[in-house]
Amino acid sequence: DAPSDERPRIAVEAAQIGGPGDSTLNVVPTCGGKVLMSFGGSGFQHLTAAARCNVGIKAGRYAYEVRLVESKAMQEQGRHAPRQSCAIGFSTSESPLIFGGEGSESVAFNSEGYYAAGGVWSQRRLFDRFSPYHKVYGVLLNLDPESPHCHTVSLFCDGQRMCKPQPLPESMRGKVLYPIVNYKNTTLQVNFGPASLTTMPFVCRMVAEAATADAEVRVAAPADKREVLFPVSLPDEGSFEWLNGFLKENPSYTELSGRAVVQWAIKSGLNTGRSSAASCNDRPSMEFETREFEDDVVQEKLQSVVPMLARDYIVMEVKNNLLAEERKKALERFADHDFKRVALVLMGEPPEDFKARTRDHILAEKRKLSLAEGQRKKARKLADGEAKEENKDSDEVKKDEGAEKAVVDVDEAKAEDAIELTEQEKQQWFPKLPTEDLSRKDLGRFFSSFSIPTEDEGFDEVRFLWQPASEAAAYLKKWIAERKLTQRVEDLQPGSKFRDQLNDWERTLQEWRRRQNDRRELARRKGGEKPRKVEEDEKQDEKNADQGESKDDSEKPDVEKKDKEENTEQPKGITSDSIDPMMVENILDTGNGLPVFAEFTWEDWMMLNLRYEIHLLIHSFKADVNDPERESFAEAHLLFYYQKYFKKPLQLRNFGVSTNLELLGLIRDIVEVKPKHSLLDPQLSEDSPFENFVRLTEDARQERQRMYDAGDENAVLRLQRLSDQRGHSRPYDTHAGDDRGGSRQRGVDHSRSHGGQRNYHSGRDDPRGHQQYRSSGHSARTSAQPAGGGGGSYSSTAKGGQASYGSKTSRSHGGGYGETRGGSRGVETRSSGRGGGEESRSRAAGYSSRDTGHSQRDGGHSSRDARSGGGSQRHSPISRRRSPLRGGAPASGGSSYAAQRSSYASHGSQPYASGHRGGTGGGSSRGAGGSYGGYSRR
């Protein structure tokens, strides 16, 4: 029994719980502070509610009681399904409100039967679980030096002891300890006295009747208005470091930030399910595998709750506090008649005490890294087998091990003391933390709009804590100007001027490439040169691109001269290498019609396009940003802006380089990199004509050729030939095909003397000369009509039939889509039945044959599936069956190719009628005469 005590006691009504600064934001005290409830739903069911009493015990023996009056059942399931819990105990005033975790100076008993001391829970259950509704649980703190159980805490249920007295941690002895409760999804009745709810087996006074000499009562200072602070600080310049120091000196303020919510959730038992490496201090990742946190539902509810609670706040949002519009929205949540709204400006050089903390932080980090490195070296040394010899006896080994350990400890202590800060580190104002305050994306989007708050925005006061207003404004202006040179513009969009200039360039480049190919074609025709095999040419190009090396002159020709035989014959006395491209007035005629780009290979066209694209990109960036302080962008952002403007990635490996600087080194005549901030500096004016880029490309080609002739093999370009360089042309590419294949681009037919048509969709020339379509079996009408063939037909041949449909390109020995002996154009075929024709469109009919002039190489007619014995059109609705017989009536709608060919050769065309030896006259066949879709042709 406690002896009678006549000393003065504290006022009974002085004991209060859940006051400002002593409770979490979800605590709702009711019934004069005797009942504690909590907000639920919207994610709050996952957060622990905690409240601390304002009466602290520093001597004597006192108790308080708790009863669980409600247990809320939750319907949620899964890993983080909310649970009902309760924990009661004591803590110091500086200890976190929630039990457990680092820095916790508290002791507690929880409803699951475990005991926590100093933030560490017991490994085994010490008592039975709490029961709700009727049971009363009491915690007794014994600080009586005359008691055998001094410096212990005990748990009782309805006056009966539930476990042995548990000792207090050494760190808590001699300190004032305050009653504290944690609960989740429950409602508690808390009793501090003076009378107890149950009868104890011995006399013990309650907390509310403690002697004034044994207790301390914390009373909040009266204030007409609570204060809400808005720190305004630049990213990564001491924002959260200053906040940590402020909260330590002012524990009555409640932090409102994303960081505080994350720490609250983790202490409540939620763990991040995924990595949060991409998060930042201002908006940390809340991947707790609960919808309310990931969708910001918890933050929205907090914003609605905090104005109702009479307490002091500090709103720590780095980005929003720097933006005038966001500051205005935040002020609207705190009524001016309830809160004094103050902006704290932290810009410029910090005070000396802050810089001292920064130096201490840097030194501690260096020592930590040094210690970790020493431990790694020791582990490697042991792993390498540098241990004691096995033949030593045990006593000698133990002696050596002890001496070695002592030497290691001394060495580590000396090494730690020897670590000092460099002069540069001593001058550093802010520590560099592993996590940034703002994400790079948010920083790039909003930094140019950062501003210093004013009282005109609605603040009651603006305090400049580090530098005066004028110096802070100058510091911010300088900071923004520097970031404009190093930060990306995330929301930048290409302007209409850029698109117009790019389209003009594509059309011009298309015309130049067409001119080059026309001259090559003319040279072949005049010289009677036989075209090289496409397969051999492509293999050689791939070999050159993969090896990227030059052989001796005796083994292979110069790289820059590998297409000499394709070029136009030059007039005597005039060669490409003898012409100075910079002195040429007309790049299309350097002498007798020879253009400057006559010697260009695919590598030169590739470099020419790169030159103009980078030139256009830099000037368009300056125009679209429209900021005199942003004349260009950093070299590190080249790939980002290229993707944003041209809607395609810039692949460095295609140019044989691995870094942006190496790529820009290939076009030094167009752009240079400034030493300061690595900004790109264009060498040509914005209105520089297209011809200048051709001159520069030819000049670079000649220089590489001279260097290579002098024996410098590094002068060879190591580019990778792209697919569009071999077949599929870009929108501006008018490459007219290879030796035997032409190209079709934007409705223009540039097919060659031996037929062949570039596939516009799939991007390759077929070596057999016929065109393949990916999406359909027909093509657009063409307009060009080269010499050497008759007009008015698409695939006119000397021995094959004609195809109609208003085509205008023909060849003397091949159709526009056929080869040596013609071919058919599968635009629209007609397959006749027995009694009459029935129209059928076929996508497979556009395949011509090299040997027969028919639409199938090995026989048959307008069908991919036709075989040598004949067959019907693949997509014909009349028949899909094939006739394997040479003569006789084939299946409905089918025809024997051999029989039809013989019949048509003898009797001419018979539309909508059977052949002489074959079946019905359906399908598309060719012979000396032949029918096409039921129409007679000779």
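How much of the chain's accessible surface belongs to carbon and sulfur atoms? In this predicted model, the share is 47% of a total of about 45700 Å². The chain runs to 938 residues, and 50% of them count as buried. Its secondary structure adds up to 19 helices and 30 strands. As for how the chain folds back on itself, take the contacts between residues at least 6 apart in sequence: 67% of these join residues at least 24 apart.

Out on the surface, there is a negative patch made up of Asp336, Asp338, Glu455, Asp456 and Asp460. One of these, Glu455, sits in the loop that links helix H10 (440-446) to strand S22 (461-464).

A charge also turns up under cover. Lys184, part of strand S14 (residues 178-184), is buried but has no salt bridge. Its nearest side chain of opposite charge belongs to Glu112, and that is 10 Å away. What Lys184 does touch, leaving aside neighbours within four places in sequence, is a set made up of Gln45, His46, Leu47, Thr48, Arg83, Gln84, Ser85 and Ser268.

Then there is helix H2 (residues 258-267), which is mostly covered, with seven of its ten residues buried. Those seven are Gly258, Arg259, Ala260, Val261, Val262, Trp264 and Ala265. They pack against three other helices, H1 (239-249), H3 (291-294) and H4 (297-305), and also against strand S19 (253-256). After H2 comes Gly269, with a positive phi near 105°.

Definitions and conventions: Residues numbered from 1 in each chain as written. Predicted model: local features only at pLDDT ≥ 70, side-chain atom pairs only at ≥ 80, totals over all residues. Heavy atoms only, no water. Helix = DSSP H or I, 4+ residues; strand = E, 2+ residues; numbered from the N terminus. Buried < 20%, exposed > 50% of the residue type's maximum accessible area, 1.4 Å probe, protein only. Contact = heavy atoms within 4.5 Å. Areas by Shrake-Rupley, 256 points an atom, 1.4 Å probe, with all protein chains shown as cover. Patch = residues over 30% accessible without salt bridge, like charges linked within 9 Å, V, L, I, M, F, W, Y side chains within 5 Å. Salt bridge = Lys/Arg side-chain N within 4 Å of Asp/Glu carboxyl O. Lys, Arg positive; Asp, Glu negative; His and termini not counted. Charge placed at Lys NZ, Arg CZ, Asp CG, Glu CD.
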